[in-house]
Amino acid sequence: MPANPFGELLRQLRRSAGRSQDEHAQAINAASGRQTVTRREVSRYENGENVPTNHTLGHIAVACGVPLELLLQEAKTARRRRRKKGDAEGEALDDMNRRTILGGAAAGAAVAAEPWGRLAYALSKGARIDLESVSALIDHAARLHVDELSESARTLQNRVESHLDAITAALPRVGAQERALTIAAGETAALAGWVAWDLGEHDRAAAYYRVTSQCAKQAGHPPLRALALGYASYGAPTPGKALEMLSQAAQDVRGHGNATAAAWVLGRYAEEAAQAGDDAGALRALEQARFVYDFANHTSEQAWVRFVTPYRMDSLALSVYGELKRQELTATADSAVERLGKELPDSGVVVLGDLSSALLRGGDVDRGIYVARQFAAAAESKPNTMGRQRAQSVAAWLPDTEHDLAGHLMAFAS
């Protein structure tokens with residue numbers, strides 16, 4: 001028998017989930033919605049220097065996909081062992097319980113090598129988990145969509161995938177809250193896909209988008225598929241294919257409570273239609289997007305629409321008017337700059353990128369270069385998951401005289 005059976009059990013649970021101690025700490029924090037457990041604390045648990053509180057054990061159970069009751073029982077034995085300092089009483093850790101716990105972890109959190117595989121497996125199971133834990137997981141998924149505006153893809157990726165693991169572990173035991181948590185799982189998987197795409201991991205992104213659509217089907221929630229299609233449209237091989245995906249997405253976001261989602265999808269359709277040379281279709285879709293957004297509230301609708309701020313709507317309009325070389329570009333650019341104000345908001349980086357690109361395409365080269373320099377500085381000081389793509393676009397439109405600026409932007413994008 002190990003010198004510290006409970007610590008060894010916790011170690012095996014972590015290893016069954018395929019995590020390092022640091023990754024495991026992040027998964028536990030994702031389950032709790034708070035950054036309270038560190039790698040050092042995980043090490044102390046596994047070495048028997050400390051026994052987690054029952055509250056923390058609840059989050060460990062969620063992160064590992066195992067029954068909390070069994071962990072509580074073994075923790076009670078471990079505490080009694082510590083009090084008696086090696087006394088034989090209570091020393092017999094139930095081997096059957098240990099096999100049950102480890103078996104559950106192996107079948108749940110570590111059934112596949114990748115997070116989307118574990119999620120796909122969890123969608124086919126069913127059991128129970130407490131409402132407080134479910135709410136914490138859903139709330140944290142929403143916060144990640146806000147953090148996208150102020151974090152780079154590289155720094156966000158591990159947090160998103162750790163949270164997806166926590167949700168995946170909880171899904172088999174969620175009971176009556178299964179639909180709500182499945183939607184949160186899909187939203188998190190879609191964000192993981194978007195982050196992967198931004199990092200150039202296109203196959204990985206496609207896998208996440210597929211499981212997002214699976215969540216949408218299981219939950220009976222079409223707007224979730226619209227999210228996957230909207231993100232995936234950025235990587236479509238042609239504008240025509242992107243328009244096909246966005247047309248389906250537009251169907252998926254019809255109905256009450258989807259105004260912000262509809263505005264984003266229509267705005268994306270307008271962007272792709274402009275690139276495809278469909279001037280009338282682009283302008284019509286953009287007008288619809290702006291009209292719908294007047295009735296939207298991006299802070300109180302679905303979690304994933306938090307990034308569709310008024311600044312983001314400005315960037316969509318700038319992109320369309322710049323591509324079509326419309327006279328509305330000047331007035332829209334002035335309005336966008338005024339809205340940004342003196343202190344650049346988190347989502348303002350995207351606006352600067354689209355504004356610079358639009359001005360350059362529209363022929364206002366001097367102003368476009370000036371804004372491009374602002375964008376280059378902002379993209380490095382306020383990184384987000386749209387910065388790299390915008391940097392490539394701006395660099396492509398810069399004149400030959402701005403070779404150094406173009407090189408700087410391309411280096412940032414890579």
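In the protein chain, 69% of the contacts between residues at least 6 apart in sequence join residues that are at least 24 apart. The structure is a predicted model. The protein chain holds 21 helices and 0 strands. Of its 414 residues, 54% are buried.

Helix H17 covers residues 328-340. At 1.5 Å a residue, its 13 residues should span 18 Å, and this agrees with the 18 Å found between its end C-alpha atoms. The buried residues of H17 are Leu329, Thr332, Ala333, Ala336 and Leu340. Viewed down the axis of H17, these buried residues fall within an arc of 105 degrees, so they line one face of the helix. An α-helix has 3.6 residues a turn, so residues three or four places apart point the same way. Ala331 and Glu338, on the other side of H17, are exposed. The buried residues of H17 pack against three helices, namely H16, H18 and H19. After H17 comes glycine 341, which has a positive phi near 75 degrees.

Helix H19 (365-381) is thus one of the elements against which the buried residues of H17 pack. H19 consists of 17 residues, and the distance from its first C-alpha to its last is 24 Å, close to the 24 Å expected at 1.5 Å a residue. Within H19, the residues Gly368, Ile369, Val371, Ala372, Phe375, Ala376, Ala378 and Ala379 are buried. The cover over these buried residues includes H18, H20 and helix H21 (403-413). H18 therefore appears in both settings, since the buried residues of H17 pack against H18 and H18 also helps to cover those of H19.

A single buried position was examined in helix H14, where threonine 260 lies. Residues count as buried under 20% relative accessible area. Threonine 260 has a relative accessibility of 0%, and therefore counts as buried. Apart from its neighbours within four places in sequence, threonine 260 is in contact with Tyr293, Ala296, Asn297, His298, Glu301, Val305 and Val308.

The largest pocket contains about 590 Å³ of space. Its lining is made up of 26 residues, and those nearest its centre are Tyr234, Gln275, Gln389, Arg390 and Ser393. Helices that each supply at least two residues of this lining are H10 (178-198), H13 (239-252), H14 (259-275), H16 (310-324), H18 (348-362) and H20 (387-397). H20 gives the most to the lining of the largest pocket, with 6 residues. By class, the lining of the largest pocket has 10 polar, 9 charged and 7 nonpolar residues.

The second largest pocket has a volume of about 270 Å³. It is lined by 15 residues, of which Ala205, Ala206, Tyr209, Ala232 and Met245 lie nearest the centre. At least two residues of this lining come from each of H11 (202-219), H12 (222-233) and H13. H11 gives the most to the lining of the second largest pocket, with 6 residues. The lining of the second largest pocket has 10 nonpolar, 3 polar and 2 charged residues. H13 supplies at least two residues to the lining of the largest pocket and at least two to that of the second largest pocket.

Notes: Residues are numbered from 1 along each chain as its sequence is written. This is a predicted model: local features need pLDDT of at least 70, side-chain atom pairs count only at pLDDT 80 or more; totals for chains, interfaces and linings use all residues. Side-chain values use heavy atoms; hydrogens and water are left out. On a 1 Å grid over the protein atoms alone, a cavity is a set of points where a 1.4 Å probe fits but cannot get out, and a pocket is an open set with protein on both sides within 12 Å along at least five of seven lines; lining residues have an atom within 4 Å of a point. Grid points are joined across faces, edges and corners, and a volume is the space filled by probe spheres set on the points. Helices (H or I, at least four residues) and strands (E, at least two) are DSSP runs, numbered from the N terminus. Ala, Val, Leu, Ile, Met, Phe, Trp, Tyr, Cys and Pro count as nonpolar, Asp, Glu, Lys and Arg as charged, and the others, Gly among them, as polar. The expected span of a helix is 1.5 Å times one less than its number of residues. Buried means under 20% relative accessible area, exposed over 50%, partly exposed in between (1.4 Å probe, protein chains only). The arc is that of the directions from the helix axis to the C-beta atoms. Contact means heavy atoms within 4.5 Å.
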